[in-house]
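User: Could you take a close look at one strand in this model and walk me through what surrounds it? I'd like the pairing, the side chains and how far to trust it, in one go.

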Amino acid sequence: SAGGVCQPLVLLSDSRLVNCATGVHQRLLQNREGAQKVSLLQGPMDTLENSSLMLLREGRFVQSEWSDSRKGWVPMWELGEFRTQVSEMLKGCSAGPSGALSCSRRGGGGGSGAGSGG
């Protein structure tokens, strides 16, 4: 969090995240098979806007963004397979001025930041 407070998250088998400090539940959308690992880079002022969520699901890394309209985390794109070296897979990822993680798609075409789109 922006205030430097660690708030543990629990990844549930029914595709929900639970913030252990607040009890708030968040849904992982388009995630029927579930996820095995999760990492959250939260946006400024502890909001979900401009936040990035990285999931490991079905052996692939997926970057997701928060959707206020759908009240859940929506996948943006797959970053690569788990077997791929992490340094290679995450080339082109950086934290922007707001603290949001932005990754470029592999294979050309450039990507959009975690805060873009609607």
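Analyst: **Strand S3 and its surroundings**

Valine 18 has histidine 25 in S3 as its bridge partner. The model is predicted, so local features need pLDDT of at least 70 and side-chain atom pairs count only at pLDDT 80 or more, while totals for chains, interfaces and linings use all residues. Numbering starts from 1 along each chain as its sequence is written, and side-chain values use heavy atoms, with hydrogens and water left out.

That valine/histidine bridge belongs to the pairing of S2 (residues 16-19) with S3, which is antiparallel over 3 bridges (pairing takes at least two DSSP bridges; strands are DSSP E runs of at least two residues, helices H or I runs of at least four, numbered from the N terminus). The two strands make a hairpin with 5 residues between them, and glycine 23 in the turn has a positive phi of about 80°. S3 also runs parallel to S7 (residues 72-81), joined by 2 bridges; there arginine 27 sits opposite glycine 72.

Now the side chains. S3 alternates: Gln26 and Leu28 point to one face and are buried, whereas His25 and Arg27 point to the other and aren't (buried is under 20% relative accessible area, exposed over 50%, partly exposed in between, with a 1.4 Å probe and protein chains only).

Leu28 takes us inside: along with Leu17, Ala35, Leu48, Leu53, Leu55, Trp66 and Trp73, it makes up the largest nonpolar core, 8 residues in all (buried Ala, Val, Leu, Ile, Met, Phe, Trp, Tyr and Cys joined through side-chain atoms within 4.5 Å). A separate core has 6 residues, including Leu56, Phe61, Met76 and Trp77. Leucine 55, leaving aside neighbours within four places in sequence, is in contact (heavy atoms within 4.5 Å) with Leu28, Ala35, Lys37, Val38, Arg60, Phe61, Val62 and Ser64.

What about the rings? Phe, Tyr and Trp rings (the six-membered one for Trp) pair if their centres lie within 6.5 Å, with planes under 30 degrees apart stacked, over 60 edge-to-face and the rest tilted. That rule gives 1 aromatic pair. Tryptophan 66 and tryptophan 73 have ring centres 5.4 Å apart and planes at 70°, so they're edge-to-face. Tryptophan 66 is buried at 17% relative accessible area, and tryptophan 73 is buried at 1%.

As for trust, S3 (residues 25-28) has the highest mean pLDDT among the chain's elements, 91, while helix H1 (residues 86-89) has the lowest, 59 (pLDDT is the predictor's confidence in each residue, from 0 to 100). The chain averages 74, and 64% of the residues score at least 70. Over residues 107-118 pLDDT stays under 50. Where pLDDT is low, predicted coordinates shouldn't be read in detail.
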